[in-house]
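Here's a quick look at one protein model, with an eye on its inner space and on how a pair of its helices meet. Have the structure open while you read.

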Amino acid sequence: MKPVLVTGAAGFIGMHCALRLLERGLPVVGIDNLNSYYDVALKQARLAQLQSHHHFRFIQLDLADRAGMAALFDEVQPQRVLHLAAQAGVRYSIDQPDAYTDSNLLGFGHVLQGCRKHQVAHLVYASSSSVYGGNAKMPYAESDAVDHPISYYAATKKANELMAHTYSHLYQMPTTGLRFFTVYGPWGRPDMALFKFTKAMLAGETIDVYGNGQLVRDFTFIDDIVEGILRVLDKPATPDARYDPLQPNPGTSTAPYRIFNIGNSQPTVLMDYIAALESALGMQAHKRMLPIQPGDMHSTSADTRALQAWVQFAPSFTVTDGIQRFVDWYRSFYRV
């Protein structure tokens, strides 16, 4: 049985997806460069969850390494690729744009080349809700134009969608991009708000609340995200028979190419999110109210009807339940 290649296997979403694939009995090859964008020990702890499975193999590799990536595909010859590795973070992209060029653009090009050469049956890759940028229409739909990104990170994700479409068109290679909406949950990223808030509150420190607490996010629990990803991975993209080039839908194509939102479809005001965390921790947060940061979007909200029609997926976790599960994991993992 040919393996599934999971890039970013030591990452938050990558670990959870790889674990689910292994639980299915599928062989998984995971790669990650284990960079120091955040705590490497957390990444290694995630890998430890995977390495107990004898069908899992880990290779430390940087996506920007052209020769290394070519050799990886030659050796592994994956049947399907789940591409979740990327330089993450909107705010970090303002200070360190080169990291995004190397990983999100050059690295994605290497993934596409490997998939083309080895005729991979399906490439599923991570896009982002940030591609909607300056759009004011809510909720965001895949049919909306995404021509006004407001961060370099978002621009690289839009570029990934365009690059994937080119390969789908030229080589009839099935590709599906998933626009994630603020994913949270156990084993989450330390640079995300929930992780930072929890750490600060337990230490008795003040939390920074941007946008004066009025930012709106479509917070999506990790178990819902993984379920949606794997259903999509199991169903390769196909050409859209209804595609009209006179009224083009950016989410589909005459090529085997699809784009889907994957979110909770229940947008939550940041202050309500914090209130749920306060309830889960049993304490009040000391808040420092601050204006919105450069590159941040004021609101996100996912229209997920296309994904539901494609793979009959709908999220099931409430923010209250999801935050409680994160807090339980955080207390256990950090022993606090």
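What follows covers a cavity first and a helix pair after that.

## What we're looking at

Keep in mind that this is a predicted model.

## The cavity

How many cavities of 30 Å³ or more does the structure hold? Just one turns up. The largest cavity has about 50 Å³ of space in it.

Which residues line the largest cavity? Going along the chain, you'll find F12, then V183, Y184, G185, G188, R189, M192, L194 and F195, and finally F326. Strand 7 (183-184) gives at least two residues to this lining, and so does helix 7 (193-202). Sorted by class, the lining of the largest cavity comes out as seven nonpolar, two polar and one charged residues.

## Helix 9 against helix 11

Now for the helix pair. Two packed helices are described by the angle between their axes and the distance between those axes. Helix 9 (residues 270-281) packs with helix 11 (residues 319-334) at an angle of about 50°, and their axes sit 9 Å apart. Because of that angle, helix 9 counts as oblique to helix 11. The crossing of helix 9 past helix 11 is right-handed.

Who makes the contact? On the helix 9 side, look for Y273, A276, L277, A280 and L281. Helix 11 brings V319, I323, Q324, V327 and R331. By class, this contact of helix 9 with helix 11 has eight nonpolar residues, plus one polar and one charged.

Methods: Residues numbered from 1 in each chain as written. Predicted model: local features only at pLDDT ≥ 70, side-chain atom pairs only at ≥ 80, totals over all residues. Heavy atoms only, no water. 1 Å grid on protein atoms, 1.4 Å probe; cavity = no way out; pocket = protein on both sides within 12 Å on 5 of 7 lines; lining within 4 Å. Points joined across faces, edges and corners; volume = space filled by probe spheres on them. Helix = DSSP H or I, 4+ residues; strand = E, 2+ residues; numbered from the N terminus. Nonpolar A, V, L, I, M, F, W, Y, C, P; charged D, E, K, R; others polar. Axes fitted to C-alpha atoms, helices over the stretch in contact; angles between N-to-C directions. Parallel < 35°, antiparallel > 145°, perpendicular 65-115°, else oblique. Left-handed = near helix turned anticlockwise from the far one by under 90°. Contact = heavy atoms within 4.5 Å.
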